[in-house]
Amino acid sequence: MSNIDSINKEERRFKVSKDFSENAYYKSEEQYNKLYKESIDSPDTFWPVVANKLSWNKSWTDVFVWDDYDQKKFTWFKNGKLNACYNCLDRHLETKGDQLAFIWQGEKENEVKKYTYKELHKEVCRFANVLKKKGLKKGDRVSIYLPMIPELLISMLACARLGIIHTVVFAGFSVESLIDRIKSSESKMLITCDGGYRNGKTLHFKKKIDEVLETHIASLISIIVVNRVNDDSVILNKDIETYWSNEVFSDDISDICDFEIMDSSDPLFLLYTSGTTGKPKGILHSTGGYLTHVFYSFRVIFDYKPQEVFWCTADIGWITGHSYLVYGPLSNGATTIMFEGVPTYPEPDRFWKIVEKFKVNLFYTAPTVIRSLQKQGDDFPNRCDLSSLRVLGSVGEPINPEAWLWYYEVIGKKRCPIVDTWWQTESGGFLLCPFPGAHVLKPGSASKPFFGVVPEILKEDGSRADVNEGGNLVIKKPWPGMMQTVFKDHERYLKTYWPDNKVYFSGDGAKVDQDGDFFLLGRIDDVINVSGHRLGTAEIEATLASDLRVSEAAVVPFSHEIKGQGIYAFVVMNDDQEISPELVNDLRGYVAKKVGPIAKPDKIQFSTSLPKTRSGKIMRRILKAIAEGKEDVGNTTTLVNPEIVDVLKAERV
Ligand code: WTA
């Protein structure tokens with residue numbers, strides 16, 4: 001049964017205990033309804049109450065203004081001044097200086113680092129002074145290519161302190177993807193490392209660093225290398241590369257560093273995400289609106305209470321790690337956990353052991369992780385003490401009711417609400433999510449809109465969909481965490497997100513039921529969601545086609561039991577190519593090298609041609625049906641080569 005089928009039949013309802021509701025920020029549906037309405041009807045009175053919980057150096061003159069409606073340029077908290085790093089660290093020093101801000105658990109069980117707010121503040125100030133010493137200034141860009149080690153969080157906050165725009169590149173991406181992003185963002189600095197530990201193996205980054213150097217990227221003036229695995233084969237090029245520890249512990253580096261006072265609309269960071277064309281988009285986020293959104297959504301959706309320990313398992317290379325491992329929890333003065341390893345190493349109880357060890361209260365992960373751990377059986381969680389858990393979160397892809405129920409019963413012991421949070425790199429923070437003390441939960445539903453978010457489901461013709469009718473999920477006006485633009489490509493921002501110049505197109509399909517609860521139905525554009533990671537089909541297709549032996553390629557998703565979606569590639573080789581199992585491995589390896597291992601096709605089917613329309617357009621709808629194993633692939637009359645459909649069906653892999 002597909003996720004969508006089982007979502008359609010879902011009739012179970014879950015409500016948290018009275019005790020939970022009474023102590024939650026939002027205690028009832030009525031209270032939520034009233035405040036939600038106020039957030040839409042009177043943003044000028046609603047948002048100041050929220051934003052004033054942060055520290056501003058100067059208050060705003062307007063809560064929200066359209067700077068240019070046609071260009072979809074807007075500002076939240078116009079003329080307000082603040083600093084994101086100050087809000088995440090300095091402002092807690094007086095009251096929470098000795099409380100843990102950050103716990104890092106290495107892949108090795110005995111490798112743990114704990115930082116109080118005072119200690120983290122000191123580390124961040126020292127590294128910010130290194131950035132200054134290297135000549136970096138407000139508005140410059142820095143690329144960060146690090147696995148999940150403390151230096152990643154420290155360098156992000158150090159950039160934010162100085163108004164430097166960080167762009168984190170997921171360390172699982174290939175060096176070619178990294179080079180593209182350094183070039184596109186014109187980064188002056190790269191922060192990386194000599195390697196890392198994953199799944200019991202040591203990874204070496206030496207070749208990657210060398211390749212970046214050999215590319216001679218014009219903007220790049222400095223590379224800082226974290227010595228993580230003590231790889232002595234790494235020889236630094238003294239003109240441009242230095243070790244992190246040599247810089248940070250240099251005598252002239254002080255523990256104190258003034259922060260830069262930023263305008264609310266100044267960019268905080270840039271994060272590249274896959275789109276429907278081969279070129280990733282640089283999503284640019286503001287300081288004031290973004291921070292207000294992630295600060296408040298973290299607080300009220302996880303129902304965070306002082307002293308609680310929060311663990312988001314996402315890699316910081318993705319937006320989830322930015323918003324809900326770093327900026328959301330730290331701006332609230334929470335204790336946030338970062339884990340270097342994977343859920344199944346050395347055993348599939350690793351996550352539950354960490355929950356037990358650090359008494360995690362609030363836990364946030366992805367459906368793909370839940371499904372893969374569910375498969376390992378209940379013994380692994382059952383042998384750990386999970387009684388500290390209070391709220392569970394899910395993100396990244398639709399959660400199927402079976403996984404939801406396992407999470408609820410076996411992990412949360414029917415005590416903990418599950419907040420299924422729907423949002424995107426572009427949205428900065430949650431857009432749809434239950435308020436755990438207020439809403440009745442339905443497995444597989446992301447519930448209701450967050451404050452300030454006005455969603456609607458539109459049919460193909462632009463009219464409103466009926467109750468329970470699927471359509472395009474659009475948002476009718478900007479919310480505080482909304483992206484500002486696509487870096488150096490405002491046209492692409494307008495074309496992709498505001499195609500009718502009236503509403504924001506999310507790229508997702510959804511439906512709303514009779515109670516106003518939203519159910520997400522997956523992407524409607526050419527984006528594949530593999531284990532909650534967004535990948536553009538166009539990027540994978542272009543990569544396959546760049547292998548000289550390949551004539552043409554089309555990539556579509558198919559339902560995958562664990563990963564949610566898998567990657568199915570239809571490939572046409574040049575005439576003289578012999579098809580062999582080695583060729584499949586070769587092409588998969590090629591994509592892994594060029595884009596990253598997560599982009600590796602699960603299945604490759606060779607063909608002599610692809611189904612095309614008269615104008616030469618590949619009919620993806622038909623390929624999707626074939627990849628899903630469907631007998632009925634729909635109308636084929638517009639094809640120039642309808643005969644290929646039966647061949648593809650017969651040779652399906
Ligand atoms: C999908 C991740 C269903 C969706 C925060 C979205 C979800 C894309 C959910 C964004 C959810 C994220 N239910 N689908 N709770 N959360 N998605 O930019 O397709 O990496 O458009 O941001 O993930 O992925 P991104």
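A cavity is here a set of grid points where a 1.4 Å probe fits but from which the probe cannot get out. In this predicted model, the search for such enclosed spaces gives a count of 5 cavities of 30 Å³ or more, and the largest cavity has a volume of about 50 Å³.

The lining of the largest cavity is made up of F74, T75, W76, S264, S265, S286, G289, M482 and Q484. Strand 2, which spans residues 73-78, gives the most to this lining, with 3 residues. When the lining residues of the largest cavity are sorted by class, 6 are polar and 3 are nonpolar, while no charged residues are found among them.

The second largest cavity holds about 40 Å³ of space, and the residues that line the second largest cavity are V168, V169, F170, F173, R181, L271, Y272, G317 and W318. By class, this second lining comprises 7 nonpolar residues, 1 polar residue and 1 charged residue. Two domains contribute to the lining of the second largest cavity, since at least three residues come from domain 1 (18-83 + 266-523) and at least three from domain 2 (88-260).

Attention then turns to a pair of strands. Strand 28, formed by residues 550-560, and strand 29, formed by residues 564-573, pair in the antiparallel sense over 10 bridges. The two strands, 28 and 29, form a hairpin in which 3 residues lie between them. Within this pairing, A553 stands opposite V571 in strand 29.

The cysteines were examined for covalent links. A disulfide is a covalent bond between the sulfur atoms of two cysteines. A search of the whole structure finds 0 disulfides. In the case of C159, the closest cysteine sulfur is that of C85, and because the two sulfur atoms are 10 Å apart, they are too far from each other for a bond. C257 is likewise in no disulfide, the nearest cysteine sulfur, that of C125, being 5.5 Å away, whereas a disulfide would require the two sulfur atoms to lie within 2.5 Å.

The accessibility of these cysteines was also computed, with residues under 20% relative accessible area taken as buried. C159 has a relative accessibility of 0% and therefore counts as buried. C257, at 3% relative accessibility, counts as buried by the cut-off of 20%.

How values were computed
Residues are numbered from 1 along each chain as its sequence is written. This is a predicted model: local features need pLDDT of at least 70, side-chain atom pairs count only at pLDDT 80 or more; totals for chains, interfaces and linings use all residues. Side-chain values use heavy atoms; hydrogens and water are left out. On a 1 Å grid over the protein atoms alone, a cavity is a set of points where a 1.4 Å probe fits but cannot get out, and a pocket is an open set with protein on both sides within 12 Å along at least five of seven lines; lining residues have an atom within 4 Å of a point. Grid points are joined across faces, edges and corners, and a volume is the space filled by probe spheres set on the points. Helices (H or I, at least four residues) and strands (E, at least two) are DSSP runs, numbered from the N terminus. Ala, Val, Leu, Ile, Met, Phe, Trp, Tyr, Cys and Pro count as nonpolar, Asp, Glu, Lys and Arg as charged, and the others, Gly among them, as polar. Domain bounds come from an automatic or database domain assignment. Two strands pair if DSSP finds at least two bridges between them. Buried means under 20% relative accessible area, exposed over 50%, partly exposed in between (1.4 Å probe, protein chains only).
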